[in-house]
Amino acid sequence: MLSTQGYAAMTAKTALQLFSFERREVGPHDVLITITHCGICHSDIHQARDEWGGSIFPMVPGHEIVGTVARIGSSVKKFKTSDRVGVGCFVDSCRTCAACREGSEQYCEAGMLLTYSGRDKDGQPTQGGYSTQIVVDENYVLRIPSALSPAGAAPLLCAGITTYSPLRHWGVGKYHKLAVVGLGGLGHMAVKIAKAMGTEVTVLSTSEQKRKDAERLGAFEFALTSQPETFTRLQRRFDFILDTVSAPHNYNDYVNLLKTDGTMILVGVPDKPTLLEPFPLILHRRRIAGSVIGGIRETQAMLDFCATHNIESDVEVIPIQHVNEAYERVLKGDVRFRFVIDLASLK
Ligand code: NAP
Ligand code: ZN
Ligand code: ZN
């Protein structure tokens, strides 16, 4: 067993604290990764506070992991020591169902094995990237292109793929108008990626202070969702809406901003449901859809796309000792646009 240091939530009600635990030994197909950086995703906060139910404690969160290969198992083919690699939201899946076979492991019929707060085959809870090292099967490890900085690349492993995958799935491109709701970690990646795909992007936000950021990130337009005028002026404007908001809000207001046949894609996961009005959907044959992260091949394609288009996350790098303060700032929307933990602070 490999003794590892991390920061863990011991319960849903307590702050994260220093925690020592064991990782499995490196098996024939495994890669041991020394973690250098890990992003803080809003999902880490939802899960560390058990807002979705089913959390496993103690929990070391973190699924936006970048590091270097420290050791490889005897059968590993894809990686060698010192390679810069990444790990996202899952570390295994059944590998035999239709979804796994087509590279959509996130929709594995047996359920993907989450990077943390999951149960490994041996029954042990998985633990995430707010830690010094991780052992992962090579088939679930990504290659980080050398053009990307490790801190700027880490959030791509969740925020990047979560926005890239639905844009690709629904073929959002040059002739489309897209609204991104919520300019946070996911939202700012959506703006950068959609812009690079040639799409006209409008940001719908609650924060007037983010107007300039939206412009800088490449948005065509910015509108405040606190102003009722936004919802009349932008009626039937968009082919697609990508909703990244983490808190309950009224989906019906946004549906009215879709053209006929438009699609609203939910990626944000508020902890409370919303009532849907049927008429705005029916009268314009609109759709509401959802999407979760992306498969391994697609995540690699997204990393390569970001390297080609010079896209990284805008990050604020912090030592791990500041993680609890960072959680509070994420909840206040006070981060531009992703906290990334520098794991050198845990050595
Ligand atoms: P984040 O950085 O906190 O961004 C969320 C944004 O939502 C905020 O910046 C804010 O944008 C807006 N917002 C927050 N509270 C709001 C409220 N009460 N009303 C309206 N807008 C509000 O979070 P994130 O890391 O991007 O994650 C966003 C959500 O996606 C979370 O629920 C997370 O769990 C989920 N997620 C889903 C997937 C998936 O695969 N589907 C993957 C990762 C994360 P403005 O200031 O611009 O309004
Ligand atoms: Zn995430
Ligand atoms: Zn499967």
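## Ligand 1 and the two zinc ions

User: Which residues come nearest to ligand 1, and what makes a residue count as near?

Analyst: Ser205, Thr206, Ser207, Lys210 and Arg338 come nearest, out of 28 residues around ligand 1. To count as near, a residue needs a heavy atom within 4 Å of the molecule. This is a predicted model, where local features need pLDDT of at least 70 and side-chain atom pairs pLDDT 80 or more, while totals for chains, interfaces and linings use all residues. Residues are numbered from 1 along each chain as written, chains are lettered from A and ligands numbered from 1 in the order written, and side-chain values use heavy atoms, without hydrogens and water.

User: What makes the pairs with Ser205, Thr206 and Leu183 polar contacts?

Analyst: The cut-off is a pair of N or O atoms within 3.5 Å (within protein, one must be able to donate a hydrogen and the other to accept it, and sequence neighbours count only if both atoms are side-chain atoms). A polar side-chain atom of Ser205 sits 2.6 Å from an oxygen of ligand 1, and a side-chain N or O atom of Thr206 is also 2.6 Å from a ligand 1 oxygen. For Leu183 a polar backbone atom does the job, 2.7 Å from an oxygen of ligand 1. So each pair passes the test.

User: How much of ligand 1 does the protein bury?

Analyst: The protein buries 86% of the 920 Å² that ligand 1 exposes when taken alone, with areas from the Shrake-Rupley method and a 1.4 Å probe.

User: Why do you say ligand 1 lies between domains?

Analyst: Because domain 1 (2-158 + 294-346) and domain 2 (160-290) both give residues to its shell; the bounds come from an automatic or database assignment. Helix 1 (42-48) and helix 5 (185-196) each give two or more residues, and helix 1 gives the most, with three. Helices here are DSSP runs of H or I, at least four residues, and strands are E runs of at least two, numbered from the N terminus.

User: Why is the site of the zinc ion (ligand 3) called tetrahedral?

Analyst: Four donors earn that name if all angles lie between 85 and 135 degrees. The angles here run from 104 to 118°, so the site of the zinc ion (ligand 3) is tetrahedral. Its donors are Cys94 (SG), Cys97 (SG), Cys100 (SG) and Cys108 (SG), at 2.3 to 2.4 Å, inside the 2.8 Å donor limit for N, O and S atoms (3.2 Å for Na, K and Ca). Along the chain they are spaced C-x2-C-x2-C-x7-C.

User: Which residues coordinate the zinc ion (ligand 2)?

Analyst: Cys41 (SG), His63 (NE2) and Cys158 (SG) coordinate the zinc ion (ligand 2) at 2.0 to 2.3 Å. Water is not among the atoms, so sites may look incomplete. Cys41 lies in the loop between strand 3 (30-39) and helix 1, and His63 in the loop between helix 1 and strand 4 (65-72), so this pair ties together parts 22 residues apart in sequence.

Methods:
Four donors count as tetrahedral if all angles lie between 85 and 135 degrees; four count as square planar and six as octahedral if opposite donors are over 155 degrees apart and all others between 65 and 115; anything else is irregular.
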